[in-house]
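Let's take a walk through this protein together, starting with the ground rules and ending at the chain's last stretch. Keep the model open beside the text as you read.

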Amino acid sequence: MTAEDTTPVTGRSRCAGTPIPPAAALSREAYAGRACYACEKRLTTGAILVGRAVGRMGAHVLDCDAYACP
Ligand SMILES: [Zn+2]
């Protein structure tokens, strides 16, 4: 068996393949959509909208969009 994991996940970055953590676990920057939720890298152009991070604090819903680097 050849250990070859250089093949990109179909059309998505490694970060975009990372499961989205709960909203409460995101950094401030990631929560605001300014950083990748997976690697914390600051997003500039071509960020991928992967889905929603969901969370709730008391009566407040913390759901937010989760972006990953391209
Ligand atoms: Zn990333």
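A residue is called buried here if 20 or more other C-beta atoms lie within 10 Å of its own, exposed if 12 or fewer do, and partly exposed in between, with the C-beta atoms placed from the backbone. What you have in front of you is a predicted model, in which local features need pLDDT of at least 70, side-chain atom pairs count only at pLDDT 80 or more, and totals for chains, interfaces and linings use all residues. Residues are numbered from 1 along each chain as its sequence is written.

Let's begin with the overall plan. The protein has one helix and four strands, where helices (H or I, at least four residues) and strands (E, at least two) are DSSP runs, numbered from the N terminus. Following the sequence, you will meet them in the pattern α-β-β-β-β. Of the protein's 70 residues, 23% count as buried. Contacts come next: two residues are in contact if their C-beta atoms, placed from the backbone, lie within 7 Å. Among the protein's contacts between residues at least 6 apart in sequence, 49% join residues at least 24 apart.

Now for the helix. Ala30 is found in α1, and it counts as buried because 24 other C-beta atoms lie within 10 Å. Setting aside residues up to four places away in sequence, Ala30 touches Ala35, Cys36, Tyr37 and Glu40. Ala66 is 36 residues from Ala30 in sequence, yet their C-alpha atoms are 7.2 Å apart in space.

One of those partners, Glu40, deserves a stop of its own. Glu40 lies in the loop between α1 (28-31) and β1. Most residues other than glycine have a negative phi. Glu40, although not a glycine, has a positive phi of about 70°. With 13 C-beta neighbours inside 10 Å, Glu40 is classed as partly exposed.

Step back to the segment before α1 and you will find Gly17. Gly17 is partly exposed, since 13 other C-beta atoms lie within 10 Å. Its C-alpha atom is 9.0 Å from that of Ala38, which is 21 residues away in sequence.

Next, look inside. A nonpolar core is a set of buried Ala, Val, Leu, Ile, Met, Phe, Trp, Tyr and Cys residues joined through C-beta atoms within 7 Å. The largest such core has 16 residues, and those touching the most other members are Cys15, Cys36, Tyr37, Tyr67 and Ala68. Both β1 (48-53) and β4 (64-68) supply at least two residues of this core. The largest share, three residues, comes from β4.

Which residues does Ala68 touch, not counting those up to four places away in sequence? The list runs through Ser13, Cys15, Ala16, Cys36, Tyr37, Ala38, Ala47, Ile48 and Val50.

From Ala68, move across to its partner Ala47. Ala47 sits in the loop between α1 and β1, and is it buried or exposed? Ala47 is buried, because 21 other C-beta atoms lie within 10 Å. Beyond its neighbours within four places in sequence, Ala47 is in contact with Tyr67, Ala68, Cys69 and Pro70.

Pro70 brings the tour to a close, in the segment after β4. The C-alpha atoms of Ala47 and Pro70 are separated by 5.4 Å, though these positions lie 23 residues apart along the chain as a sequence separation. Thr45 is 25 residues from Pro70 along the chain, with 8.2 Å between the two C-alpha atoms. Pro70 touches Ser13, Gly46, Ala47 and Ile48, again not counting residues up to four places away in sequence. Pro70 counts as partly exposed because it has 14 C-beta neighbours inside 10 Å.
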